[in-house]
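Here is a short set of exercises to work through with the model open on your screen. Try each task before reading its solution.

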Amino acid sequence: MRERIMTLQLRKACIIGYPVKHSRSPLLHGHWLHEYGLDGAYERAEVAPEDLASFMAGFAGKGYVGGNVTVPHKESIMACLDAVTETAQAMGAVNTLWFEGGRLCGDNTDVVGFLANLDEGAPGWDARTRTVVVLGAGGAAKAVVYGLLQRGMERVAVVNRSFERADALRERFGSRVLAAPWEALPALLGETKLLVNTTSLGMSGQPPLAIDLEPLPSGAVVNDIVYVPLETPLLTAARARGLLAVDGLGMLLHQAVPGFERWFGVRPQVSAALRAHIVADI
Ligand code: ATR
């Protein structure tokens, strides 16, 4: 009898960034690989900007079935891809890669990650308000604003230290976005039931985000997308006012779901055990 030898190829994905040592994605995907008993791997790939094109040219050859993309490559990686989703196109940024019919594709799952976290932490939030105030106008704000518009918000006021960046979001996403200076914040807060912080203020090592939450109406939701620390001064202040506070960890966890499913064929759960596993590392 002829012996048949099956060679199982290990399915590998990676996080591409520069630097990548602080990324929690390997911990997160490693947890799921273990939980579902899958024979896969998730690695760190530290790639300098000048090496990105050659790294991506050899991506499939290195055995990768896909990966995530982080700073500083989220925009520049687009030139290396065969196709991107409508969301990634609208963002001008990609955070998730996979192969489809031999073509390297890119998506931006920060949008679904943000929305899933908010849905989980504040169910029905989008029935409570038609307007939102977003603090910050950087890369993360782009995904947040796009997600809020997709969910039908009639006005998304973007308040940022440098007004030009807020105004660039208005130009990108249209007239439902209002670019506003910091001084306009008290009045804007009085007219919304959702405040989202996308600035780096409140992150460990950064100054706290010192704003007065008093003008927010009762029943308002405050979401900080910062998750180190988990309990930011903004969230503490929101709880002290009796408002619903939603931390940012779920955005990280939920944005990872579509990639894992594409690479390893299992749609993973964002469970309490996963959350505890990541919290232990924060
Ligand atoms: P990310 O991709 O995480 O959004 P980013 O693009 O560097 O990061 O954006 C950081 C955001 O935090 C910006 O909105 C930034 O405001 P500016 O556009 O004016 O730089 C905001 N931010 C950072 N430090 C700040 C500070 N000390 N005061 C106010 N806003 C700050």
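**Exercise 1.** Which residues does UniProt list for "domain: Shikimate dehydrogenase substrate binding N-terminal"?

*Solution.* Keep in mind that this is a predicted model. The UniProt record, an unreviewed entry, lists residues 15–97 under that name. Next, look at the make-up of this stretch: over residues 15–97 the chain is 28% helix and 24% strand. Finally, find its two ends, whose C-alpha atoms are 10 Å apart.

**Exercise 2.** Work out whether Asn68 is buried or exposed, and find its contacts.

*Solution.* Start by locating Asn68, which sits in strand 3 (residues 64–69). Now count its surroundings: 28 other C-beta atoms lie within 10 Å of Asn68. The cut-off for a buried residue is 20 or more, so Asn68 is buried. Then set aside the neighbours within four places in sequence; Asn68 is in contact with Ile15, Ser25, Asn95, Thr96 and Gly259. For a further distance, try Glu86: it is 18 residues from Asn68 along the chain, and the two C-alpha atoms are separated by 18 Å.

**Exercise 3.** Find the buried residues of helix 9 and explain why they line one face of the helix.

*Solution.* Scan helix 9 (residues 233–240) and pick out Leu234, Leu235 and Ala238 as its buried residues. Looking down the axis of helix 9, these buried residues fall within an arc of 95 degrees, so they line one face. The general rule helps here: an α-helix has 3.6 residues a turn, so residues three or four places apart point the same way. What does that face pack against? The buried residues of helix 9 pack against strand 10 (194–197), strand 11 (221–224) and strand 12 (244–246). Last, step past the helix to Gly242, where phi is positive, near 80 degrees.

**Exercise 4.** Describe the shell around the ligand by residue and by class.

*Solution.* The ligand has 15 residues around it, and those that come nearest are Gly136, Gly138, Gly139, Arg161 and Thr199. Sorted by class, the shell holds five nonpolar, eight polar and two charged residues. By element, helix 6 (residues 139–150) gives the largest share, three residues.

**Exercise 5.** Trace how domain 1 and domain 2 meet.

*Solution.* First set the bounds: the assignment gives domain 1 as 11–109 + 256–279 and domain 2 as 112–251. Their C-alpha centres lie 26 Å apart. Across the boundary, eleven residues of domain 1 are in contact with nine residues of domain 2. On the domain 1 side, helix 3 (86–91) and helix 12 (272–279) each give two or more residues, and helix 12 supplies the largest share, three residues. By class, that side has seven nonpolar, two polar and two charged residues.

Key:
Residues numbered from 1 in each chain as written. Predicted model: local features only at pLDDT ≥ 70, side-chain atom pairs only at ≥ 80, totals over all residues. Helix = DSSP H or I, 4+ residues; strand = E, 2+ residues; numbered from the N terminus. Buried ≥ 20, exposed ≤ 12 C-beta atoms within 10 Å, placed from the backbone. Contact = placed C-beta atoms within 7 Å. Arc of directions from axis to C-beta. UniProt positions renumbered as here; feature names shortened; annotations may be inferred. Near = placed C-beta within 6 Å. Nonpolar A, V, L, I, M, F, W, Y, C, P; charged D, E, K, R; others polar. Domains from an automatic or database assignment.
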